[in-house]
Amino acid sequence: MSRILIIGNGFLGSHLFHEAKINQFDVFVTYCHSKSEKFIPLDITNEKSIIDCFETIKPNIVINCAANTDIDFLEKNPDIAYAINANAVKNIAKISNDYDFKLIQISTDSVFDGKRGMYVETDSTNPINIYAQSKLYGEEFVKKYSKNYLILRTNFYGYNNEGKHFFNWILSNLKNNKPIIGFDDIIFNPLEVSNLSKIILEISLSRHVGIFHLSSNEFFSKYQFALKIAEHLGKNKDLIKKASIEDIDLPAKRPKNTTLNNEKLKRILYTPITTLDDWLKNYQ
């Protein structure tokens, strides 16, 4: 049986760990600041910490979910972006061959500039903010140093137990009758996080290597996404106000259309891709 180490117990990492446990995989998860016995201590910015962790766990598969994704914060703090999203990945990738594990690097649809969308894996990248640039550097380090790797570009949504992230923000505002700004010029095709976790585990355990785009078959603007949530959950759609990202002064630029073409993925995938409608039907 494969021995899986999931780096990072955040939104995606915790779902991956849960999914792996359900399927009775030999799985471990790390967390940088936790003292819980359930987690393995690991600081990915510290090479000795990485070596100590791998010496203890001896994984066959490492799935790196650790990242700082606070886009506007990172625009003002590039050193933090590169330390966590790039150089820490280099630390892991350089060690991967010594410990003979398959490295799965979770990346982002934001490595593209968003000028046209439906990007395939071979399209040229062109990040337009510090976060995306740091994630792209992480990809490059994986390709340079690791012989057995997967780079999985994706975007995802879902219910977060800590009340964080996009879906919870929409849900909280709708429940409290607070207005929401929905950008109609930001377009994406995200996967539901539990569905994404199943897909990541499937492809991680396969013999496939290289870059894959993990995305839904349907795409929405952020405005349309919020409307669908309101409709399915019986909330007031009038609270959702249409706007353009150009109307908002943000520290970091956002790519407008980061939809990913998933045809390469679907040629090898057995796990069904969940639609937003189906997930919302089962959410309540």
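Which residue stands opposite T30 in strand 3? I shall begin there, and let the answer lead us through the sheet. Please keep in mind that this is a predicted model. The residue facing T30 is I40 of strand 3. That pair belongs to the parallel junction of strand 2, residues 26–31, with strand 3, a junction held by two bridges.

Let me now place these two strands in the whole. The sheet is open and consists of seven strands, in the order 3-2-1-4-5-6-11, with parallel pairing. Its edges are strand 3 (40–41) and strand 11 (210–214); each has a single partner strand, so one side of each has no neighbour in the sheet.

Moving inward, we come to strand 1. Of its five residues, four are buried. Strand 1 is joined in parallel to strand 2 over four bridges, and it also pairs in parallel with strand 4, again over four bridges. One residue illustrates both junctions: I6 has V29 as its bridge partner in strand 2 and I63 as its bridge partner in strand 4. Between strand 1 and strand 2 comes helix 1, residues 11–22, and the three elements make a right-handed β-α-β unit.

Next, strand 5, residues 102–108. How many of its seven residues are buried? The count is seven of seven. In general, the side chains of a regular strand alternate between the two faces of the sheet. In strand 5, K102, I104, I106 and T108 are on one side, while L103, Q105 and S107 are on the other, and both sets are buried.

Strand 5 has a neighbour on either hand in the strand order. Strand 4, residues 61–64, runs parallel to strand 5 and is connected to it by four bridges; here I61 stands opposite K102. With strand 6, residues 149–154, strand 5 forms a parallel pairing over six bridges, and within that pairing I104 stands opposite L150. To pass from strand 5 to strand 6 the chain goes through helix 5, residues 130–145, in a right-handed β-α-β crossover.

Two helices that pack against these strands deserve attention. Helix 4, residues 78–99, lies across strand 1, strand 4 and strand 5, and its direction is at about 160 degrees to strand 5. Helix 5 also packs on the sheet, where it touches strand 5, strand 6 and strand 11, and it too makes about 160 degrees with strand 5.

I turn now to helix 7, residues 193–204. At 1.5 Å a residue, its twelve residues should span 16 Å, and the end C-alpha atoms are indeed 16 Å apart, so expectation and model agree. Ten of the twelve residues are buried, among them V193, L196, I200 and E202. At the start of this helix, a side-chain oxygen of E192 comes to within 3.1 Å of the backbone nitrogen of S194.

Finally, consider D277, which lies in helix 10, residues 276–283. Is this residue buried or partly exposed? Its relative accessibility is 24%, and therefore D277 counts as partly exposed; the cut-off for buried is under 20%. Apart from neighbours within four places in sequence, D277 is in contact with E218, K228 and H232. H232 is 45 residues away along the chain, but the C-alpha atoms of D277 and H232 are separated by 7.8 Å.

Terms used:
Residues are numbered from 1 along each chain as its sequence is written. This is a predicted model: local features need pLDDT of at least 70, side-chain atom pairs count only at pLDDT 80 or more; totals for chains, interfaces and linings use all residues. Side-chain values use heavy atoms; hydrogens and water are left out. Buried means under 20% relative accessible area, exposed over 50%, partly exposed in between (1.4 Å probe, protein chains only). Two strands pair if DSSP finds at least two bridges between them. A crossover is right-handed if, with the strands pointing away from the viewer, the path from the first strand over the helix to the second runs clockwise. Contact means heavy atoms within 4.5 Å. Axes are lines fitted to C-alpha atoms, for helices over the stretch in contact, and angles run from 0 to 180 degrees between N-to-C directions. The expected span of a helix is 1.5 Å times one less than its number of residues. A polar contact is a pair of N or O atoms within 3.5 Å; within protein, one must be able to donate a hydrogen and the other to accept it, and residues adjacent in sequence count only if both atoms are side-chain atoms.
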